[in-house]
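Student: I have a structure open and would like to go through it step by step. Can we start with one strand and work outwards?

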Amino acid sequence: MVSDTEGGNTGKRRKLNLRKCKQCRRARKKCSPEDREWPDKCERCLKHRPHPLECSPPEINENKRGKNKVKPGRGAKSTSPSARPDPEVADDSDDSLTEKDVKREIAPYERPPPTLPARKRVHAQGKEPVPESLAFGYKDLKQDHFRLIHIAPGRRDAPLICWLSEVSIYDTPKPDYEVVSHRWEAVSSPDAEILLQESENDINSRRPKKIKQHLGTILKSLRHPKLVKKFWLDALCLKWDNKAEMNQQRTIKQHIFYLANNLCFWLGEDLYLKAAFDFISEIIKPDSIDKLVQDDNTIDKWSDFVLLLKNEVFSRLWLLHELTISQKQKVTLISSQSAIHYSNFVDAVAMFSCRRSQISSLFNRLRRGYRALDDPKIILAERFVDVTTNTLRIRDVRQRSTGIESIGFGKDGRVEHLFDLETLVSLSGNHEVENSRDKIYALLALAKDAYEDTDPKLKIDYEATTMEVYQNFVDYVLKKSGSLDILCRRWASPCPPEEPAYPSWIKASNINSEAEMFVGMPDKHHYNASKPRDLVYEFTEQDENRKSLTVKGFVLDKISRLGSTSEVGRIKHEWLQLGGCSIINDLDYVPDSFWRTLVADRNDIGCNAPSWYYRAFLQCLVDTPIGMDINVDEIIKLYEDSAMLVVDFLRRVQSVISGRKFLVSKDRELSGLAPPTSEPGDSICILYGCTVPVILREDKASNCWTFVGECFVYGIMDGEAVEQDDKESNPIEERQFEMR
């Protein structure tokens, strides 16, 4: 303001000579740009929602007014409704916090202001209401932009007041926000509610929005009593019905998570979580872990920790992706009652794994269940920790990123990718996804080869069918690795019911399978059955975008006899008979081929099986009545505190034979282990480029083959069949196998 006295007048004041349109002047808002010429409209009128305002030529305010009135006291009457600004033209484009707002925001422990009831929105000129997505601020995102949800301060039981904003991964300084990872609750009912408005001060635009109950719990747990908090939460920051936006947001998701100040990893509301979090602080002390595994009084605490490992969040692939990108230094595990740093949890899981046998003895001694620690969910949690902590590495942790340019994902940046796509898909085969395509898409940003490769087969495209995505992935891996081992691994999600069935050479994962894969991981091969023959393959288009895979190899033999499928914790008596064992009182005869088959001729770290395994197996026979199955679980309980060599042998047996059948071949009388779906008459084949033998089933009508799965056959696992073929005068006939 300037006084009229300076211009020669007295007693009156007037505003600065600012050029404004009628709408901005009536609302007392800034009208920009100030140098615009009519008919160009001002930015505020153009951006107004739900409808643009009718702008007018900019004019200088010539009206004068008297002296400023004294602010009325507490008992003064409020301004009449007619004197208030029209709520339809109220806008937040130039809003900023007043001094009072700032004081209220930073005042310590001040109660939040009362929540105003939501008002029904009035639409100018009788127009129909705008779509909900626009009314709630879900405008189309610009390239490299993403949304944040702001949560107004409040008590735990107060209504949730939120608004959305848009930022860029290239903003400088980098945006200040946190990200939230949570498990989607498919059965959660939408009985929670938030009040969503256009901006912090635009209460006139406030409208209720129904959300899932667990999302409401998360937002209330993260809300600060005094400060506005900003989060990226996928359920509320994405337009899930816009596939173009979903594709674009997935490509920058790694940057969204990496730039965040913290990742809030939501575990749930279960009461055991607080007890497990408290116990972790005891586990991670190096001088106390050995006492904890021997103290019977800690059994309840260990039980709570085991329940934590079985939490469903550790089975979700997208959560694995999000936590890996964020790095463990910036992750907090959160429940409705407490929180811990993720690095503490990582150390606790590592110490648990090192003392698993002692903890198992504790559970067994106190009758808490011998196999309590053999749950596949615990293995998933351990794999989750392994992948999230070892997939990415920061070259210089002392430098803190201030923007996306300083992150440098890839070979030339600060973030170093350690695993290729095939390895990550193999490691996370049993982790779950909502969308089957995400078995591949969720890992692209983490893989060192996929991140730097421009192969169109790796492009994120949710318009493609799951089968197309998986077939392209297998094609990419075969070309990249020169190996067929990916066919033997169970990594794919179950086929969606609305899509055609996968080809037989794409295997769906099975979390209930406890048997280890003979092919191992891509960088840890235990066998080399096809050496030195190289992979030769070809894809052929079939109907419904389905492809057949043709590879070169030869048929080694056919299956003559099969034992029944092994149950967990038992060695079938009929297996001993098929394997040529002679069990007659004290004169037991066990061929090397049999006991070595039970352990796949390797120990638990992939080295050659030690000779003392034979003596351990004889001890098992001593403790088993003649004609009965060998009860592995009972023998482990018997010797867990007195003969660990026997226990180690039996644990290795369990990891190999679970869910498999014992086989005997027709002509060569070879013994081995086959998949549970194998049948007599199936062919034992060596495929060039595959490190283990496989079982194929021929369809003579179409001259095509079905891929049944990998197998172990004693005596041919290290290329003996190929070498023998090279030396014989009548070599085995090579052929092409078209697998459908």
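**A strand and its surroundings**

Tutor: This is a predicted model. In it, His145 stands opposite Ser168 in E6.

Student: How many bridges join E5 to strand E6?

Tutor: His145 belongs to one face of E5, and Ser168 of E6 stands opposite His145. E5 and E6, the latter covering residues 160-168, run antiparallel. The number of bridges that join them is seven.

Student: Which residue in E10 is the bridge partner of Ile149?

Tutor: E5 spans residues 145-151 and E10 spans residues 229-232. These two strands pair in the antiparallel sense over three bridges. His150 has Lys230 as its bridge partner in E10. For Ile149, the bridge partner is Phe231.

Student: Are the residues of E5 buried or exposed?

Tutor: Buried means under 20% relative accessible area. His145, Arg147, Ile149 and Ile151 point one way from E5, while Phe146, Leu148 and His150 point the other way. Seven of the seven residues of E5 meet the cut-off, so the strand is largely enclosed by the rest of the structure, and the answer is buried.

Student: Which strands are the edge strands of the sheet?

Tutor: Nine strands form an open sheet with mixed pairing, in the order E9-E8-E6-E5-E10-E7-E11-E12-E13. An edge strand here pairs on one side only, which holds for strand E9 (207-211) and strand E13 (339-341). From one strand to the next, the twist averages 35°. The edge strands are E9 and E13.

Student: At about what angle to E5 does helix H7 run?

Tutor: Helix H7 covers residues 243-259. This helix lies across E5, E7, E10 and E11. Its angle to E5 is about 70°.

Student: Which helix gives the most to the lining of the largest cavity?

Tutor: The count comes to one cavity of 30 Å³ or more, and about 30 Å³ of space lies in the largest cavity. Its lining includes Val653, Gln654 and Ile657, and the lining residues divide into four nonpolar, four polar and two charged. With three residues, the helix that gives the most is H23 (residues 644-657).

Student: What percentage of the contacts in the protein chain between residues at least 6 apart in sequence join residues at least 24 apart?

Tutor: The protein chain has 24 helices and 28 strands. Buried residues make up 50% of its 740 residues. Among contacts between residues at least 6 apart in sequence, the share that joins residues at least 24 apart is 69%.

Methods. Residues numbered from 1 in each chain as written. Predicted model: local features only at pLDDT ≥ 70, side-chain atom pairs only at ≥ 80, totals over all residues. Heavy atoms only, no water. 1 Å grid on protein atoms, 1.4 Å probe; cavity = no way out; pocket = protein on both sides within 12 Å on 5 of 7 lines; lining within 4 Å. Points joined across faces, edges and corners; volume = space filled by probe spheres on them. Helix = DSSP H or I, 4+ residues; strand = E, 2+ residues; numbered from the N terminus. Nonpolar A, V, L, I, M, F, W, Y, C, P; charged D, E, K, R; others polar. Pairing = 2+ DSSP bridges. Axes fitted to C-alpha atoms, helices over the stretch in contact; angles between N-to-C directions. Contact = heavy atoms within 4.5 Å. Buried < 20%, exposed > 50% of the residue type's maximum accessible area, 1.4 Å probe, protein only.
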